[in-house]
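Student: Before we look at any detail, could you take me through this chain by question and answer, and tell me how each answer is reached?
Tutor: Gladly; here are the sequence and the structure, and we can begin once they are shown.

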Amino acid sequence: MSGNKFKDVKGAGSILSTVSGPSAKAPDNIAAQNDTGARLLSKKSGEQELSNAVSHNSTKASEYGDAARLPTMGATTNPPGPDVTGSTSSEIHASEKVGSGTPAISENATVTSLDRARVDSSDQPLTTNQGVPVADNQHSLKIGLRGPSALEDFILREKLTHFDHERIPERVVHARGSAAHGYFESYQALDQYTMAAPFAAAGKRTPVFVRFSTVAGERGSMDTARDVRGFAVKFYTEQGNWDLVGNNIPVFFIQDAMKFPDLVHALKPEPHHAIPQASSAHDTFWDFVSLTPESAHMLMWVMSDRAIPRSYRMMQGFGVHTFRLVNTQGESVFCKFHWTPIAGTHSLVWDEAVKLGGADPDFHRRDLWEAIEAGAFPEWELGLQIFTEDEAAQFPFDILDPTKIVPEEMVPVTPVGKMVLNRNPDNFFAETEQVAFCTAHIIPGLDFTNDPLMQGRIHSYVDTQLTRLGGPNFHEIPINTPVAQIHNNQRDGFHRQAINRGRVNYEPNSLAGGCPFQAGAAGFRSFPERIASEDKVRGKSELFADHYSQARLFLDQPNGGGTKPHHERVSF
């Protein structure tokens, strides 16, 4: 270090080098007696002290054999000072942009309420996206009053370019939807069954965002089409986000995710002329289901009045699949989720649905918005069907089959809490359109089963967001950000917002004191289900082959669950 370039840290030696790690321990002092030199010496000597404190990976042995069944918490060491784990010793220099010069320690400052993202332009001038005030928003820049437009008009180019890219790909299914904020309130603690945060105590409230949708129609289709309705609830818990992604019908058309693309292709408008919109009343759909007998039960529901609900506020919701609840002792039971509207379950009749589709295609969206604006907050009660593995083994159907229900006569529904929607979104695109629901988003106390449709959804719902929302950082979009802190070593990618402090982006490490560390028993652990020795095979269990018993059970209801005999509803 010659000359005056590094006079403030004279004598620092190799601790300043960015070519490689220090070739020797940090000096006890450096010749320069100033704040810059002192900060650098403090940071570099602290890094060496922290690294020396972690001489080996003390938890490595717990990764093998039976010890691995109970993950241990990662070993950590506290740094000598907050500067030690920072990216740069110059972080103390503050500005309106970089911040206070005193970074928040042990905190992800991007994780906070939606207030951080809300924009109100009252009493503010128009600007560009770079914050430059716009003097004239009426005219493009021209060479003379009647001349050609100038290529240098960066204001026009920014405005048009942003407009040209405002639309994002719509969801492949559930494209047409409406949503609202609210809360879930637990009736009592369910700690005998689950450690999931929303059920931790009586009266506990958890923020939620709920999106209702049709399935087949495109983003601009009508609300009142005969169709399944999506009923997706995002719980923002202190353990992370939990998405209960269900429908208003408790079963589905198919038994295995392998057939989902085929089902949707058959259901969507026919590819040669893109007709019909938001309707299953066409040849390709009925060709597919006529050769897919496991769809029989679902068809009974779709052709009933349940497929033309009066309002989202008057619609049931179901988790569809069988899930697991897991308690702090690692004990597990099976569970089915049921949402029941306090206003009652009501439907339209077919003539009403058709007329409303033409007169007011936004009927359900308008109804939900206006009810909340008027203070008539929609409410649902959450009920659970809870049963053991031994009980499930006695059922005459397979609980892993998503085309089957567990009849309430066999396992009653136990009310465990209520959900209230009391706030409309500020911006449809930013919240309702950009929200990303995913079956894989679960929290400690919950787990999956081997339902072959669910297993495919775990992958597919994440995968679709990569295209729709532009990359792997869709969790940083404000509506998707949890209220729980996010700390991991995922980095970079399109639209990254978090600015990670420090030079460590791996685990295990010593240079960050072992942080972020694995949570061990406090983190999510998959239930250790024992699998009997089986061959790797493509197929289903024999109980999956019963396609008609529960369809017949549905038909045995008075009028088949509708206002007209079922055979009349199938023809319209």
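Tutor: One cut-off is needed at the start: a residue counts as buried when its relative accessible area is under 20% and as exposed when it is over 50%. Please also keep in mind that this is a predicted model.

Student: In strand β6, which residues point the other way from F323 and L325?
Tutor: In a regular strand the side chains alternate between the two faces of the sheet. Strand β6 covers residues 323–326, and its residues are all buried, whichever way they point. F323 and L325 share one direction, and the residues that point the other way are R324 and V326.

Student: With which strands does β6 pair, and over how many bridges?
Tutor: Strand β6 pairs in the antiparallel sense with β7, residues 332–341, over 4 bridges, and within β7 the bridge partner of V326 is S332. With β10, residues 446–447, the sense is antiparallel as well, and there R324 stands opposite D447. The partners are therefore β7, with 4 bridges, and β10, with 2 bridges.

Student: Which residue in the hairpin of β6 and β7 takes a positive phi?
Tutor: The hairpin has 5 residues between its strands. One residue there has a phi near 80°, and that residue is G330.

Student: How many angstroms apart are the end C-alpha atoms of helix α1, and what span should its residues give?
Tutor: Helix α1 runs over residues 35–53 and has 19 residues, which at 1.5 Å a residue should span 27 Å. Its buried residues include the charged-type names K43, K44 and E47 alongside L40, L41 and L50. The expected span agrees with the model, where the end C-alpha atoms are apart by 27 Å.

Student: Is the aromatic pair of F231 and W339 stacked or tilted?
Tutor: A pair of aromatic rings is described by the distance of the centres and the angle of the planes. The count of such pairs comes to 21, and in the pair of F231 and W339 the centres are 6.0 Å apart with 15° between the planes. Planes under 30 degrees apart count as stacked, so the pair of F231 and W339 is stacked.

Student: How many residues apart in sequence are the parts that this pair ties together?
Tutor: F231 lies in strand β3, residues 229–237, whereas W339 lies in strand β7, so the pair ties together separate parts of the chain. Both F231 and W339 are buried. The separation in sequence is 108 residues.

Student: What kind of aromatic pair do W242 and F337 form, and where do the two residues lie?
Tutor: W242 belongs to strand β4, residues 240–247, and F337 to strand β7, 95 residues apart. W242 is buried at a relative accessible area of 1%, and F337 is buried at 2%. Their rings are 5.6 Å apart centre to centre, with 55° between the planes, and the pair is tilted.

Student: Which residue has its charged end over the ring of Y183, and which residue lies over the face of F437?
Tutor: At Y183 the charged end sits 3.9 Å from the ring centre and belongs to R205. At F437 the distance from the ring centre is 5.2 Å, and the residue is K234.

Student: Which prolines are joined to the preceding residue by a cis peptide bond?
Tutor: One such bond, with omega about 10°, follows E507, and another, with omega about -10°, follows C515. The proline after E507 lies in the loop between α10 and α11, and so does the one after C515. The two prolines are P508 and P516.

Student: Is H495 buried or exposed?
Tutor: H495 has a positive phi of about 65° although it is not a glycine, and its place is in the loop between α10 and α11. By contrast, A278, with a positive phi near 55°, lies between α3 and α4 and is buried at 8%. The relative accessibility of H495 is 58%, so H495 counts as exposed.

Student: What percentage of the chain's residues count as buried?
Tutor: The secondary structure comes to 12 helices and 10 strands, and the C-alpha trace spans about 95 × 80 × 45 Å along its principal axes. Of the 572 residues, the buried portion is 42%.

Note on methods. Residues numbered from 1 in each chain as written. Predicted model: local features only at pLDDT ≥ 70, side-chain atom pairs only at ≥ 80, totals over all residues. Heavy atoms only, no water. Buried < 20%, exposed > 50% of the residue type's maximum accessible area, 1.4 Å probe, protein only. Expected span 1.5 Å × (residues − 1). Phe/Tyr/Trp six-rings, centres within 6.5 Å; stacked < 30°, edge-to-face > 60°. Lys NZ or Arg CZ within 6 Å of the ring centre and 35° of its normal.
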